[in-house]
Structure formats: C-alpha cells, structure tokens
Amino acid sequence: MKPTEKHKKLCEIIKGQVDFWANNNDIYSPTIYCDNEQNIDNLVLEGIICDEDAELLTEALNELYHQVKNIGLTK
C-alpha cells in the first residue's frame, strides 16, 4: 500500500525536525523538545491527527532526538 497524504505530511514534519536538529547550533538545547511538540501540535490544529496520536508521535520524536544527541556523545 502506498503512503497516504497523511503519511507523507507526517514524514515531512519528522524530516524537518531532524534537519533542524542536524543544523542547530546547540544540539543539546532543551528547547528542541518544545519545538518537536509545537510542530506535532500544529498537525492537530490542521486536523491531520488527533490529540492522542499527537502525544504518541511527540513521545516517539522526543525519544529519537534523545537517542541522536546521546549517541553523538559516544566514541
């Protein structure tokens, strides 16, 4: 099954956030968690996802960000 327009929009948001992390001047900034949440909340405001899905997606995105920044500390 091909991705739906909703899948594509979700992927765009995730890719945008990951690009933001990669190009940010402070990968360890706690405000990145707020930015992750805000971008997912915008999907709720646009009627693309519901609150429950937004919560799950925000948690997943924050966990991915947490892993990326912590793996960057290891040699």
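Helices and strands are here DSSP runs, of at least four residues for a helix and at least two for a strand, numbered from the N terminus. On that basis, the protein reads α-α-α along its sequence. The model is a predicted one, and it holds three helices and zero strands.

## Overall geometry and surface

The C-alpha trace spans about 40 × 25 × 20 Å along its principal axes. Of the 75 residues in the protein, 27% are buried. The exposed surface amounts to about 5,400 Å², and carbon and sulfur atoms supply 57% of this area. Among contacts between residues at least 6 apart in sequence, 58% join residues at least 24 apart. The protein carries 7 positive and 14 negative charges, and the mean positions of the two sets are 11 Å apart.

## Residues of helix H1

Helix H1 covers residues 5–23 and contains Gln17. Leu10 also lies in helix H1. Gln17 is buried, with a relative accessible area of 4%. Beyond its neighbours within four places in sequence, Gln17 is in contact with Asp35, Asn36, Asn39 and Leu61.

Leu10 has a relative accessibility of 18% and counts as buried, because the cut-off for that class is under 20%. With residues up to four places away in sequence left out, Leu10 touches Leu43, Ile49 and Leu57. The C-alpha atoms of Leu10 and Ile40 are separated by 8.6 Å, although the two residues are 30 apart along the chain.

## Residues of helix H3

Helix H3 comprises residues 51–71, and Asn62 has its place there. Tyr65 and His66 belong to helix H3 as well.

Which residues does Tyr65 touch, not counting those up to four places away in sequence? They are Trp21, Ile27, Tyr28, Ser29, Ile32, Tyr33 and Asn36. Tyr65 is buried, at 0% relative accessibility. A polar atom of the Tyr65 side chain lies 3.4 Å from the backbone oxygen of Ser29. Tyr65 and Val18 are 47 residues apart along the chain, and their C-alpha atoms are separated by 7.9 Å.

Asn62 is likewise buried, with a relative accessible area of 16%. Leaving aside neighbours within four places in sequence, Asn62 is in contact with Tyr33 and Asn36. With Asn36, the side chain of Asn62 makes a side-chain polar contact at 2.9 Å. Asn36 is thus named among the contacts of Gln17, of Asn62 and of Tyr65.

His66 is partly exposed, with a relative accessible area of 31%. The side chain of His66 makes a polar contact with the side chain of Asn70, at 2.9 Å. The C-alpha atoms of His66 and His7 are 23 Å apart, with 59 residues separating the two along the chain.

## The loop between helices H2 and H3

Glu46 lies in the loop between helix H2 (31–45) and H3. Glu46 is partly exposed, with a relative accessible area of 47%. Glu46 and Trp21 are 25 residues apart in sequence, and the distance between their C-alpha atoms is 24 Å.

The C-alpha separations given above are collected here.

| Residue pair | Separation in sequence | C-alpha to C-alpha distance |
|---|---|---|
| Tyr65 and Val18 | 47 residues | 7.9 Å |
| Leu10 and Ile40 | 30 residues | 8.6 Å |
| His66 and His7 | 59 residues | 23 Å |
| Glu46 and Trp21 | 25 residues | 24 Å |

## Cysteines

A disulfide is a covalent bond between the sulfur atoms of two cysteines. How many disulfides does a search of the whole structure find? The search finds zero. Why is Cys11 without such a bond? The closest cysteine sulfur to that of Cys11 is in Cys50, and at 17 Å it is too far for a bond. The cut-off for a disulfide is a pair of cysteine sulfur atoms within 2.5 Å. Cys50 is accordingly in no disulfide, its nearest cysteine sulfur being that of Cys11.

As for accessibility, Cys11 is partly exposed, with a relative accessible area of 44%. Cys50, at 34% relative accessibility, also counts as partly exposed.

Methods
Residues numbered from 1 in each chain as written. Predicted model: local features only at pLDDT ≥ 70, side-chain atom pairs only at ≥ 80, totals over all residues. Heavy atoms only, no water. Buried < 20%, exposed > 50% of the residue type's maximum accessible area, 1.4 Å probe, protein only. Contact = heavy atoms within 4.5 Å. Areas by Shrake-Rupley, 256 points an atom, 1.4 Å probe, with all protein chains shown as cover. Lys, Arg positive; Asp, Glu negative; His and termini not counted. Charge placed at Lys NZ, Arg CZ, Asp CG, Glu CD. Polar contact = N/O pair within 3.5 Å; in protein donor to acceptor, adjacent residues only side chain to side chain.
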